[in-house]
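Open the model in your viewer and keep the selection panel at hand. We will go stop by stop.

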Amino acid sequence: MHRFANPNRFLRIAALILPWSAAITVTLLVVGLYLALKVSPADYQQGESVRIMYVHVPAAWMALFVYSCLAGASAIALIWKHPLANLAAKASAPIGACFTFIALTTGAIWGKPIWDAWWVWDARLTSVLILFFFYMGHMALTSAFEDASRGERAAAILALVGFINIPVIKWSVDWWNTLHQPASIVRLDGPAIHASMLAPLLIMAASFATYYVSVLILRLRSEILARKMDALRLTRVRDSQEAHSL
Amino acid sequence: MNVSAQEDAPPPPERASPKKPMTRKRRRLYLVLAGMVLLGAAAALVFSALRDNLVFFYGPSELLDRKVEPGHRLRIGGLVVENSVERNVGDGSVAFRVTDLSNEVLVTFRGLLPDLFREGQGVVAEGILDRNGVFQASEVLAKHDENYMPPEVADALKKSGQWKSQGRGREENESREVGR
C-alpha cells in the first residue's frame, strides 16, 4: 500500500490503466445496454418495466461500493496520512453521489408503475437517501475550511461515521418490513433471478465499476496536477521575493 | 506532497523492536478502530430501540397482537387472499382480504388499484382500522417479491408443478417474518 502512496508512481500506473478501463467501460456499457434493453426478456410480473433494474441495481451497488472505498480511503488518510488517500476520498465523493442520485431517481421511476408510488419512507429508501446526504455533507465539508487539510480531516471523520449506514442499507430489507423487496442477487440461497436477466445485470454492473475506476483516475490525476501547479507557483513567488530582497 | 510521502514511509525499525512505545500511526489506528466499534454499538442500540418505529407496515397477526386502537392511521401488508377480491360496481369500491398465512384482515378501498394488484400478490395498504375490525384503506401499494424471470419460465414452472412448492415455501418464510 505504501508503494502506491507516491503520487508520481501513481500517475505512471494510472496512465497505463486508464485507456484499458475506459475502453472496457464503453464496450461493456454498449453490450450491457443492448442485452438489457433488446435481448433480455420481460418479467413475468413487471413486464417491460423490469428493464429499469439494469440501471437501478448497478447504480445502487456502486453507491454502496464507492462509499466503502471513500470510507476506506478516509481511514487510511486519518491513520497513515497517505497523501493520495485524502485525494482519493475527495475524488470519489461526487462519483458516489451521482450513483446514489441515479439509484434514487430510477427507483422512483420504477416505483411509480410497479408499487404505484414514487417514494415511500420505508427503511431501504430512507437509508439510501441518508447515504446521499452523507455524500453531500462530505463534499461540503471538504471545501468548508480555509485550510484544506482541516476540511479533509473533518470530511474523513464524517465518512467513517457514515459508514455505519452501509450495513444498514444492505440489510434494511431483512431487518424491517419494507415496501422494497429483499435482495435478489447477493443472498444466501443464490440469485433469485433468471440467467437471461442476470447476465445483462452483471455486465452493466461491471461497466459501472470500470467507469468508476476511469473517472477516479481522471479526477485524481487532475487533482495531483493542480496541487503540483500550486506548489510550483508558490516556489516561483518565493524565488521572485528572494530576488527582490537581494 | 512528495515531502510528506517520504515522511510517512513505513519506518522499518518499528517492526524490528516491538518493545518500543506505541507509534503515532498505531495509536491513530486503535483510535479509529475504537471509534468505529463505539459508533457501531451506538447505532445498534438506537436501531434496536427504534425497531418498532422503523417498521413500514404491520402484518395481520401483528395487528391482532397489538390490539391496535380503531381510528389510528397505519399501514398493513400481506398477500391478497385468492378469490377474496369483490368489486362493488355501485360505488366503485373494492374489498379483499390480506393474509400473512396465519391471520387475515378485511380491507376496503375506493380508488384506483395499482396494475400489479392481483390475488396472491403482496400489497401494502395505508388507512385506519374501524370498530368492526375492517381496514379502510386510503392508499394501496403493490409489493413484489425478489424473483425475476421471463413469463415462459413462470409458465413452465407452473405447469411442472414446481411453482407452488417454491412459492408456498417462500410465502411461509415471509409470513414468519411478518408475524415476528
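**Stop 1: chain A overall**

Select chain A and color by secondary structure. Chain A has seven helices and zero strands. Its pattern along the sequence reads α-α-α-α-α-α-α. Keep in mind throughout that this is a predicted model.

Now show the C-alpha trace. Along the principal axes, the C-alpha atoms of chain A fill a box of roughly 85 × 35 × 30 Å. Chain A has 246 residues, and 41% of them are buried. Take the contacts in chain A with a separation of 6 or more: 75% of them join residues 24 or more positions apart.

**Stop 2: helix α6 of chain A**

Select residues 165-175 of chain A, which is helix α6(A). Which of its residues are buried? They are N165(A), V168(A), I169(A) and S172(A). Look down the axis of α6(A): these buried residues fall within an arc of 100°, so they line one face of the helix. Next, show what lies over them. The cover includes α2, α4 (123-142) and α5 of chain A.

**Stop 3: P41 of chain A**

Go to P41(A). This residue sits in the loop between α1 (7-39) and α2 of chain A. Is P41(A) buried or exposed? P41(A) counts as partly exposed, because 16 C-beta neighbours lie inside 10 Å. For that label the count must fall between the two cut-offs, 12 or fewer for exposed and 20 or more for buried.

Put a distance label between P41(A) and V168(A), the latter being one of the buried residues of α6(A). The two are 127 residues apart in sequence, and their C-alpha atoms are 32 Å apart in space. Then list the contacts of P41(A), leaving aside neighbours within four places in sequence. They are S196(A) and P150(B). The second of these, P150(B), is in chain B, which leads to the next stop.

**Stop 4: where the chains meet**

Show both chains and select the contact between them. How many residues does each chain give? Chain A gives 43 residues and chain B gives 38 residues. On the side of chain A, the elements that give two or more residues are α2, α3 (83-115), α5 (148-162) and α7 (195-245). Color that side by class: 27 residues are nonpolar, eleven are polar and five are charged.

**Stop 5: the strands of chain B**

Hide chain A. Select β3 of chain B, residues 93-99. Strand β1(B), residues 73-80, pairs with β3(B) in the antiparallel sense over two bridges. Here V80(B) has V98(B) as its bridge partner.

Strand β2(B), residues 86-88, also pairs with β3(B) in the antiparallel sense, over three bridges. N88(B) stands opposite S93(B). β2(B) and β3(B) form a hairpin with four residues between the strands, where G92(B) takes a positive phi near 70°.

Add β4(B), residues 104-110. β3(B) and β4(B) pair in the antiparallel sense over seven bridges. V98(B) is bridged to V105(B), and S93(B) to R110(B). This hairpin too has four residues between its strands, and L101(B) in the turn has a positive phi of about 75°.

Stay on β4(B) and show side chains. Which residues form its covered face? They are V105(B), V107(B) and F109(B). The uncovered face holds E104(B), L106(B), T108(B) and R110(B). In a regular strand the side chains alternate between the two faces of the sheet.

Finally, add β6(B), residues 134-143. β4(B) and β6(B) pair in the parallel sense over four bridges. F109(B), on the covered face of β4(B), has A137(B) as its bridge partner in β6(B).

**Stop 6: the nonpolar core**

Bring chain A back and select the largest nonpolar core. This core has 90 residues, and those with the most contacts inside it are A63(A), A89(A) and A125(B). Its largest share, 19 residues, comes from helix α2 of chain A, residues 53-80. In soluble globular proteins, nonpolar side chains tend to be buried together.

Center on A125(B). Beyond four places in sequence, A125(B) touches R75(B), I76(B), V107(B), F109(B), F135(B), A137(B), E139(B) and V140(B). Two of these close the loop with the last stop: F109(B) and A137(B) are the bridge partners of β4(B) and β6(B).

Technical notes: Residues are numbered from 1 along each chain as its sequence is written. Chains are lettered from A and ligands numbered from 1 in the order in which they are written. This is a predicted model: local features need pLDDT of at least 70, side-chain atom pairs count only at pLDDT 80 or more; totals for chains, interfaces and linings use all residues. A nonpolar core is a set of buried Ala, Val, Leu, Ile, Met, Phe, Trp, Tyr and Cys residues joined through C-beta atoms within 7 Å. Two residues are in contact if their C-beta atoms, placed from the backbone, lie within 7 Å. Ala, Val, Leu, Ile, Met, Phe, Trp, Tyr, Cys and Pro count as nonpolar, Asp, Glu, Lys and Arg as charged, and the others, Gly among them, as polar. Two strands pair if DSSP finds at least two bridges between them. The arc is that of the directions from the helix axis to the C-beta atoms.
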